[in-house]
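Me: Could you pick one part of this model and take me through it closely? I'd enjoy one connected account that I can follow with the viewer open.

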Amino acid sequence: MPPDPLAPEANAAQWKNWNEISGPKWVRLGSRMEARFGDVNELLLARAAPQPGEHVLEIGCGLASTTLPLAERVGAGGHVLGVDLSEPMLAVAQERVAGLTQVTLLRADAQVHAFPQEHFDLVASRFGVMFFADPVAAFANIRRALRPGGRVCCAAWADIADNPHWEIPLAVALRHLGPPKPRPPRTPGPLAFSDRDYVRSILDAAGFDAVAVTIAPVFLHGTSIAEEAELACLIGPSGALVAEKRPDAATLAALQAEIAAALTAATGGNVLRLAARLNMIEALRRH
Ligand SMILES: C[S@@+](CC[C@H](N)C(=O)[O-])C[C@H]1O[C@@H](n2cnc3c(N)ncnc32)[C@H](O)[C@@H]1O
């Protein structure tokens, strides 16, 4: 594949990941992720409280699953700018927001993009802020885009021990595939913002006021044990290990079967409501 002329240097690895590896997977999973994270949207919208007429910057809008309800809340008199690295995800998102004049989607790296300054009332994100190579620089850039008095409300994953839907498959995957190659702590990824003190320190260093990072329980909505086991081999920490180790078909089938058994033992086979925990990141730009 020729080099992508838009690719930023700041987050080159994530640019490649979300354009070539994880982005196409999310596109394939599409409607399953929609139902799975419905309660996360409810929580995020309740905390962020977008108002009619407000201007919202959404970081890592992906397939527009949160962009759509944000757009509904701000109405035709408001605006949502959804920014994302991933061309395949934005292509789906663009179809979903067609006809909504209050939505603009932008392919850019939120860490470095020159957003309009002091413009937005609200910066919101569902699972889109844990992938920055330089999180302090990214949040300082985001802060500059907020108007004085504006607010941030983002959802990230809490610790893996608070998220058995990941902890259980990862334990099985580690037994089958061995440990991942060593990485520095807090390498960009889904669990990079699991330490609340660390996240607080990032927003403090980026210049935010009234920074609060709080743990929040939610339910994820699965369908069946078989689909949970398949999902665990595609995304999250166990999915990342599978992508790194590239097991053969027989090993993958054995891994999926054992993940299914472990999840059945933990849930009694009912995955319609899986208890999970988020870190909710809230802050203000006072001046
Ligand atoms: C886990 S997905 C979440 C997508 C969507 N918000 C959702 O909840 O369905 C993370 C998203 O963040 C985007 N992303 C990661 N790093 C980014 C960056 N530096 N700037 C903009 N988007 C980024 C990815 O392309 C991806 O779409």
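Reply: Happy to: let's start at Arg126, whose bridge partner in strand 5 is Ala155. Please keep in mind throughout that this is a predicted model. The pair belongs to a parallel arrangement in which strand 4 and strand 5 are joined by six bridges. Strand 4 covers residues 120-126, and strand 5 covers residues 146-157. The connection between the two strands is made through helix 5, giving a right-handed β-α-β unit.

How much of strand 4 is buried? Seven of its seven residues are, so the rest of the structure largely encloses this strand. Beyond strand 5, strand 4 also has strand 1 (residues 55-59) as a partner: these two run parallel and are linked by three bridges. A handy place to spot that pairing is Val56, which stands opposite Leu122 of strand 4.

Now follow strand 1 to strand 2 (residues 79-84). Five bridges hold these two parallel strands together, and His55 faces His79 of strand 2 across the pairing. The link between them includes helix 3 (residues 67-74), and strand 1, helix 3 and strand 2 form a right-handed β-α-β unit.

Which residues cover the two faces of strand 2? On one side there are His79, Leu81 and Val83, and on the other Val80, Gly82 and Asp84, with every one of these buried. In other words, six of the six residues in strand 2 are buried, and the strand is mostly covered.

From strand 2 we can step outward to strand 3 (residues 103-107), which pairs with strand 2 in the parallel sense through five bridges. Here Val83 has Leu106 of strand 3 as its bridge partner. To get from strand 2 to strand 3, the chain passes through helix 4 (residues 87-96), in another β-α-β crossover that is right-handed.

With those pairings in hand, the whole sheet can be put together. It is an open sheet of seven strands in the order 3-2-1-4-5-7-6, and its pairing is mixed. Which strands stand at the edges? They are strand 3 and strand 6 (209-220); each has a single partner strand, so one side of each has no neighbour in the sheet. On average, and ignoring direction, neighbouring strands are turned by 20 degrees against each other. As a general reminder, strands of a sheet pair through backbone hydrogen bonds, whether parallel or antiparallel.

Back to helix 5, which we met between strand 4 and strand 5. Helix 5 (residues 135-145) lies across strand 1, strand 4 and strand 5, and runs at about 140 degrees to strand 5. Helix 5 also has a helical companion, helix 7 (residues 196-205): their axes come within 8 Å and cross at roughly 50 degrees. That angle makes helix 5 oblique to helix 7, and the crossing of the two is right-handed. From helix 5, Pro135, Val136 and Phe139 take part in the contact, meeting Tyr198, Ile202, Leu203 and Ala205 of helix 7.

Another helix pair worth displaying is helix 6 (residues 164-177) with helix 10 (residues 249-267). Their axes are 9 Å apart, and the helices pack at an angle of about 145 degrees in a right-handed crossing. The helix 6 side of this contact includes Ile168, Val172 and Leu177, while the helix 10 side includes Leu255, Ile259 and Leu263.

Helix 6 also holds His165. Is His165 buried or exposed? Its relative accessible area is 7%, and buried means under 20%, so His165 counts as buried. Leaving out neighbours within four places in sequence, its contacts are Arg36, Trp157, Leu220, Leu274 and Ala276.

One last stop is Asn11, in the segment before helix 1 (12-36). Asn11 is buried as well, with a relative accessible area of 4%. Not counting residues up to four places away in sequence, Asn11 touches Asp109, Gln111, Phe131, Phe132 and Ala133.

Terms used:
Residues are numbered from 1 along each chain as its sequence is written. This is a predicted model: local features need pLDDT of at least 70, side-chain atom pairs count only at pLDDT 80 or more; totals for chains, interfaces and linings use all residues. Side-chain values use heavy atoms; hydrogens and water are left out. Buried means under 20% relative accessible area, exposed over 50%, partly exposed in between (1.4 Å probe, protein chains only). Helices (H or I, at least four residues) and strands (E, at least two) are DSSP runs, numbered from the N terminus. Two strands pair if DSSP finds at least two bridges between them. A crossover is right-handed if, with the strands pointing away from the viewer, the path from the first strand over the helix to the second runs clockwise. Axes are lines fitted to C-alpha atoms, for helices over the stretch in contact, and angles run from 0 to 180 degrees between N-to-C directions. Angles under 35 degrees count as roughly parallel, over 145 as roughly antiparallel, 65 to 115 as roughly perpendicular and the rest as oblique. A crossing is left-handed if the near helix is turned anticlockwise from the far one by less than a right angle, and right-handed if clockwise. Contact means heavy atoms within 4.5 Å.
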